[in-house]
Amino acid sequence: MRPLPANATFAPSNHSIESGSKRVNEKNLQGASKEVNSNQEGIHPDLALLVRKHLNSEYRKPIALHTQEAFATAVNWRKEQGFSRPLILDSGCGTGESTWHLAQAYPDHLVIGLDKSALRLAKFPGGTPSNMLLLRADVVDFWMLAEAQHWHLALHTLFYPNPWPKAHHLMRRFHAHPVFPIWLRLGGRFELRTNWRIYAEEFACALTYAGLAECIVAPLVTQEPWTAFERKYRVSGHALWRLQGNLDF
Ligand SMILES: C[S@@+](CC[C@H](N)C(=O)[O-])C[C@H]1O[C@@H](n2cnc3c(N)ncnc32)[C@H](O)[C@@H]1O
């Protein structure tokens, strides 16, 4: 599979979030984004116990109606577009900018961007390529539905998930959430990006508890930001981190 190109430019129809130009969202150019502030100095001491507990349990919860509807839309769309086409999920896609980049980079794949915020999704300026779909959904619920239907992903991206940096919020981080084993079973390659190194390191540890041996946290070096948060963090001078791997092991 091709690597994600670093130099693609975001240029949907009305260019309102076009990167590399004066029209980039002004709020994101202030360069005043604060670094993640946490009372953790390293991997959370409870991580191993918690992840192993989740790996040995079956997570169940009621699925929100709006995500059931979003999932039904996704199923129909995949049928229309060709169910056998490889699938990319861009979970927590925010304004959909990264979803657009992925759709451009993988024209033979179907790319679904998911975010719970209708406000953020509404900022996508239009010009959606035919292989891209944006949906308002809770990713936890969506992953559960997708896994129950045996979806298998070619690539799963998590770009700048909320870090939940307070130690007592550990279980809200995706790798320490009970949905983690379900996320793992969706398979495929994955890429996590974050401005909090500990988040990436914890994620990598959680993966090793699940049996994934090769998973390295590396600095993210790109010429063009792929997301609104990435742009904001870059302008603010934050170090950015990337974790990539393959869940089909
Ligand atoms: C820090 S923002 C990053 C957005 C985008 N990936 C970017 O880099 O610009 C985190 C995003 O995750 C979304 N999010 C957090 N929890 C979610 C959930 N359970 N389901 C869907 N979206 C979620 C938020 O609405 C928000 O847009």
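Modeller: A helix here is a DSSP run, H or I, of at least four residues. Keep in mind that this model is predicted.

Colleague: Okay, so where does alanine 70 sit?

Modeller: Alanine 70 belongs to helix H2, which covers residues 65-81.

Colleague: And what makes alanine 70 count as buried?

Modeller: The cut-off for buried is 20 or more other C-beta atoms within 10 Å. Alanine 70 has 22 of them within that distance, so it is buried.

Colleague: Which residues does alanine 70 touch, leaving out those up to four places away in sequence?

Modeller: Leu135, Arg136, Ala137 and Phe142. A contact means C-beta atoms within 7 Å. As for leucine 134, its C-alpha is 9.5 Å from that of alanine 70, while the two are 64 residues apart in sequence.

Colleague: Now strand S4: why is it described as largely enclosed by the rest of the structure?

Modeller: S4 spans residues 155-159, and five of the five are buried, so the description fits. Leu155, Thr157 and Phe159 point one way, His156 and Leu158 the other, and all are buried.

Colleague: How do you know that S1 and S4 pair?

Modeller: Pairing needs at least two bridges. S1 (residues 87-91) and S4 have four and run parallel, so they pair. One of the bridges links isoleucine 88 with leucine 155.

Colleague: What about S4 and S5?

Modeller: They also run parallel, with five bridges joining S4 to S5 (residues 189-194). Phenylalanine 159 has arginine 193 as its bridge partner in S5. Between those strands the chain passes through helix H6 (residues 180-185), making a right-handed β-α-β crossover.

Conventions. Residues are numbered from 1 along each chain as its sequence is written. This is a predicted model: local features need pLDDT of at least 70, side-chain atom pairs count only at pLDDT 80 or more; totals for chains, interfaces and linings use all residues. A residue is buried if 20 or more other C-beta atoms lie within 10 Å of its own, exposed if 12 or fewer, and partly exposed in between; C-beta atoms are placed from the backbone. Helices (H or I, at least four residues) and strands (E, at least two) are DSSP runs, numbered from the N terminus. A crossover is right-handed if, with the strands pointing away from the viewer, the path from the first strand over the helix to the second runs clockwise. Two residues are in contact if their C-beta atoms, placed from the backbone, lie within 7 Å.
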